[in-house]
Amino acid sequence: MEDKDFITIALPKGKLFGLSTELLGKVGWTAEGLHEKSRKLVITNEAARLKFIITKTADVPTYVEYGAADLGIIGKDVILESGKDVYELLDLGFGKCHLMMAVPKDKKRPRLEDYAHTRVATKFPRIAESFFAAQGMQMEYIKLNGSIELSPIIGMSESIVDLVETGTTLRENNLEELVTIMDATARLIANRVSYKLKFDRINRLVIELSRLLRG
């Protein structure tokens, strides 16, 4: 059976993986051995004509844009930050969090505008720059991949832009949220060409998932 008969789905490692496979499993989109710690890079269900790629979160939109995967599940924040040309099919509703700007409590300035021309540490420089530009603010962006909260503590930046779920990490590091930039949930995305060529199967999945999510 040729690859064109298969649907390939990119799934992110981490917190979205289990939620994604659980949801897909409810509509029969699964494969034997499909778990996050699998040593296989591609897991196939020959009978259902499905392939699953397990990859790093930030790479999912890239796999989908270039057609290595027909579909992917990833957070809205990652889609926007990646800037990849993918087709967003469905808001899956899980993985809720929000992207915000936070500052040290003891050095908090009265207004957002007071932070213009300061340094902001973030994993999301593209989204952050778009947000601050809309406020008429120029900033210096420091791209970090982990422990963003450390940056203002050691004096490397005046603020951070990061994802928050509960706010516990902020409180533990004496940081306070100043402004919400965007809310984010997991989305089902598609390669634009695949969506046309494999429309029937992909559209059927969207309909079944929509029905499930409505409960």
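Residues count as buried under 20% relative accessible area, as exposed over 50%, and as partly exposed in between. This scale is used in the legends below, which describe close-up views of a predicted model.

**View 1. The aromatic pairs around phenylalanine 132.** Tyrosine 141 has a relative accessibility of 23% and is therefore classed as partly exposed. Phenylalanine 132, in contrast, is buried, with a relative accessible area of 0%. The ring centres of phenylalanine 132 and tyrosine 141 are 6.5 Å apart and their planes meet at 40°, so this pair is tilted. Four aromatic pairs are present in the structure. Among them is the pair of phenylalanine 131 and phenylalanine 132, with 5.1 Å from centre to centre and 70° between the planes, an edge-to-face arrangement. Phenylalanine 131 is buried as well, at a relative accessible area of 14%.

**View 2. An aromatic cluster of three residues.** Tyr87, Tyr195 and Phe199 are joined into a cluster by ring pairs.

**View 3. Charged side chains placed over aromatic rings.** Lysine 51 has its charged end over the ring of phenylalanine 6, at 5.0 Å from the ring centre. In a second site, the ring of tyrosine 115 lies beneath the charged end of arginine 109, which is 5.0 Å from the centre of that ring.

**View 4. The hairpin of strands β2 and β3.** Strand β2 comprises residues 42-45, and strand β3 comprises residues 50-55. The two strands pair in the antiparallel sense, and four bridges connect them. One of the bridge partners is isoleucine 53 in β3, which is matched with valine 42. The side chains of β2 alternate along the strand. Ile43 and Asn45 are directed to one face and are buried, whereas Val42 and Thr44 are directed to the other face and are not buried. Four residues lie between the strands of the hairpin.

**View 5. Arginine 49 in the connection of the hairpin.** Arginine 49 belongs to the loop between β2 and β3. Its phi is near 60°, a positive value in a residue other than glycine. Arginine 49 has a relative accessible area of 30%, which means that this residue counts as partly exposed.

**View 6. Glycine 146 and serine 147 in the loop between β8 and α5.** Where does glycine 146 lie? Glycine 146 is placed in the loop that runs between β8 (140-143) and α5 (150-153). Its relative accessibility of 41% makes glycine 146 partly exposed. Serine 147 is located in the loop between β8 and α5, and it has a positive phi of about 50° although it is not a glycine. Serine 147 is exposed, with a relative accessible area of 52%. Between the C-alpha atoms of glycine 146 and serine 210 the distance in space is 34 Å, and the two residues are 64 residues apart in sequence.

**View 7. Helix α8.** Helix α8 consists of 16 residues, 199-214. At 1.5 Å a residue this helix should span 22 Å, and the C-alpha atoms at its ends are indeed 22 Å apart, in agreement with that expectation. Which residues of α8 are buried? Arg201, Ile202, Leu205, Val206, Leu209 and Ser210 are buried in this helix. Glycine 215 follows α8 and has a positive phi, near 75°.

**View 8. The largest pocket and its lining.** The largest pocket has a volume of about 740 Å³. Its lining is made of 34 residues, of which Asp77, Val78, Lys123, Phe124 and Leu163 are the closest to the centre. At least two lining residues are supplied by each of α1 (15-26), α3 (76-82), β6 (97-104), β9 (159-164) and α6 (168-172). Which element gives the most to the lining of the largest pocket? Helix α3 does, with five residues.

**View 9. The whole protein, shown for orientation.** The protein contains eight helices and eleven strands. Its C-alpha trace spans about 60 × 35 × 30 Å along the principal axes. Of its 215 residues, 48% count as buried.

Methods:
Residues numbered from 1 in each chain as written. Predicted model: local features only at pLDDT ≥ 70, side-chain atom pairs only at ≥ 80, totals over all residues. Heavy atoms only, no water. Expected span 1.5 Å × (residues − 1). Buried < 20%, exposed > 50% of the residue type's maximum accessible area, 1.4 Å probe, protein only. Pairing = 2+ DSSP bridges. Phe/Tyr/Trp six-rings, centres within 6.5 Å; stacked < 30°, edge-to-face > 60°. Lys NZ or Arg CZ within 6 Å of the ring centre and 35° of its normal. 1 Å grid on protein atoms, 1.4 Å probe; cavity = no way out; pocket = protein on both sides within 12 Å on 5 of 7 lines; lining within 4 Å. Points joined across faces, edges and corners; volume = space filled by probe spheres on them.
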